[in-house]
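Okay, thanks for coming, everyone. Let me put today's structure up on the screen, and then we'll walk through it together.

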Amino acid sequence: MATGSEALDRIVERLKGTADPKRRYEYVLWLAKKLDPLPGEFRNDAFKVKGCVSQVYVVGQLVGGRLHWQGDSDAAITKGLLALLIQGLEGLDPATAAAIDPAFLGEMGLQASLTPSRANGFLNILRTMQAQALALAAGAVDQAPSANGTAGASNPNPVSA
């Protein structure tokens with residue numbers, strides 16, 4: 001199954017090829033550790049993912065027509081799932097990111113190992129990122145959120161979902 005993202009396809013293949021559920025979790029936790037810290041000023045309701053049991057924040061920006069992401073979560077597995085999506089959607093154009101079908105989750109073999117609330121949280125993170133991608137595209141201007149989560153002079157339209 002091709003998702004539309006080469007990076008996401010590589011992650012799916014890597015996880016799909018792993019028979020041991022414990023190894024899948026280890027990979028997700030490894031991704032969590034690699035995620036760059038999210039500046040504290042983005043830890044507010046404007047960037048909070050709704051519908052997650054964990055505290056999850058994701059911030060999208062559009063630079064040169066390509067999406068760039070930052071995020072964080074207070075739960076290790078959720079942070080790893082967020083990191084997986086950030087890595088998978090990094091550098092895509094908004095239309096491609098918005099068109100990604102969440103069915104890839106089942107193909108990775110993670111869904112069987114995730115609690116229903118984590119699987120739902122994963123989908124909510126993806127949907128939030130897709131909504132941000134569409135909002136950024138609708139703005140038709142390269143955008144990055146300012147430190148306080150509001151529009152700055154060079155950032156006419158901060159995006160939150």
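Let's start with a question: what covers the buried residues of H2? The cover includes H1, H3 and H5. Before I go on, please keep in mind that this is a predicted model.

So, helix H2. This one runs over residues 21-34. At 1.5 Å a residue, its 14 residues should span 20 Å, and the C-alpha atoms at its ends are indeed 20 Å apart, so expectation and model agree. Which residues of H2 are buried? Those are Arg24, Tyr27, Val28, Leu31 and Ala32. They sit on the same side of H2, because they take up an arc of only 145 degrees around the axis. As background, an α-helix has 3.6 residues a turn, so residues three or four places apart point the same way. Flip to the other side of H2, and you find Lys22, Arg23 and Lys33 exposed.

Have a look at the start of H2 as well. There, a side-chain oxygen of Asp20 comes to within 3.0 Å of the backbone nitrogen of Lys22. And Arg23 makes a salt bridge with Glu26, with 3.3 Å between the closest N and O atoms. These two are 3 residues apart in H2, so about one helical turn separates them. Glu26 is partly exposed, at 35% relative accessibility.

That brings me to charges. In general, side chains of opposite charge can pair when their charged atoms come close. How many salt bridges does a search of the whole structure find? The search turns up 6. One of them joins Lys16 and Glu107, with the closest N and O atoms 3.1 Å apart. This pair links distant parts of the chain: Lys16 is in helix H1, residues 6-16, while Glu107 is in helix H5, residues 104-108, and they are 91 residues apart. Both are partly exposed, Lys16 at 38% relative accessibility and Glu107 at 21%. Add Glu13, and you have a network of salt bridges linking Glu13, Lys16 and Glu107.

Another salt bridge brings together the side chains of Asp72 and Lys79, at 3.3 Å from N to O. Here Asp72 counts as buried, at 9% relative accessibility, whereas Lys79 is partly exposed, at 22%.

Now for the inside. Nonpolar side chains in soluble globular proteins tend to be buried together. In our model, the largest nonpolar core has 38 residues, and among those with the most contacts inside it are Leu84, Leu85 and Phe104. Who supplies this core? H1, H2, strands E1 (56-63) and E2 (66-73), and helices H3 (76-89), H5 and H6 (116-139) each put in at least two residues. H3 gives the most, with 8 residues. Apart from this core lies another one, of 5 residues, including Phe42, Phe47, Tyr57 and Val59.

Leu110 is also among the residues with the most contacts inside the largest core. Leaving out residues up to four places away in sequence, Leu110 touches Leu15, Arg24, Val28, Leu81, Leu84 and Leu105. You may recall Arg24 and Val28 from the buried residues of H2.

Last stop: Ala133, in helix H6. Is Ala133 buried or exposed? At 0% relative accessibility, Ala133 counts as buried. Beyond four places in sequence, Ala133 touches Leu67, Trp69, Pro94 and Ala97. Take Pro94: Ala133 and Pro94 are 39 residues apart in sequence, yet their C-alpha atoms are 4.8 Å apart in space.

Conventions
Residues are numbered from 1 along each chain as its sequence is written. This is a predicted model: local features need pLDDT of at least 70, side-chain atom pairs count only at pLDDT 80 or more; totals for chains, interfaces and linings use all residues. Side-chain values use heavy atoms; hydrogens and water are left out. A salt bridge is a side-chain nitrogen of Lys or Arg within 4 Å of a carboxyl oxygen of Asp or Glu. Helices (H or I, at least four residues) and strands (E, at least two) are DSSP runs, numbered from the N terminus. Buried means under 20% relative accessible area, exposed over 50%, partly exposed in between (1.4 Å probe, protein chains only). A nonpolar core is a set of buried Ala, Val, Leu, Ile, Met, Phe, Trp, Tyr and Cys residues joined through side-chain atoms within 4.5 Å. Contact means heavy atoms within 4.5 Å. The expected span of a helix is 1.5 Å times one less than its number of residues. The arc is that of the directions from the helix axis to the C-beta atoms. A polar contact is a pair of N or O atoms within 3.5 Å; within protein, one must be able to donate a hydrogen and the other to accept it, and residues adjacent in sequence count only if both atoms are side-chain atoms.
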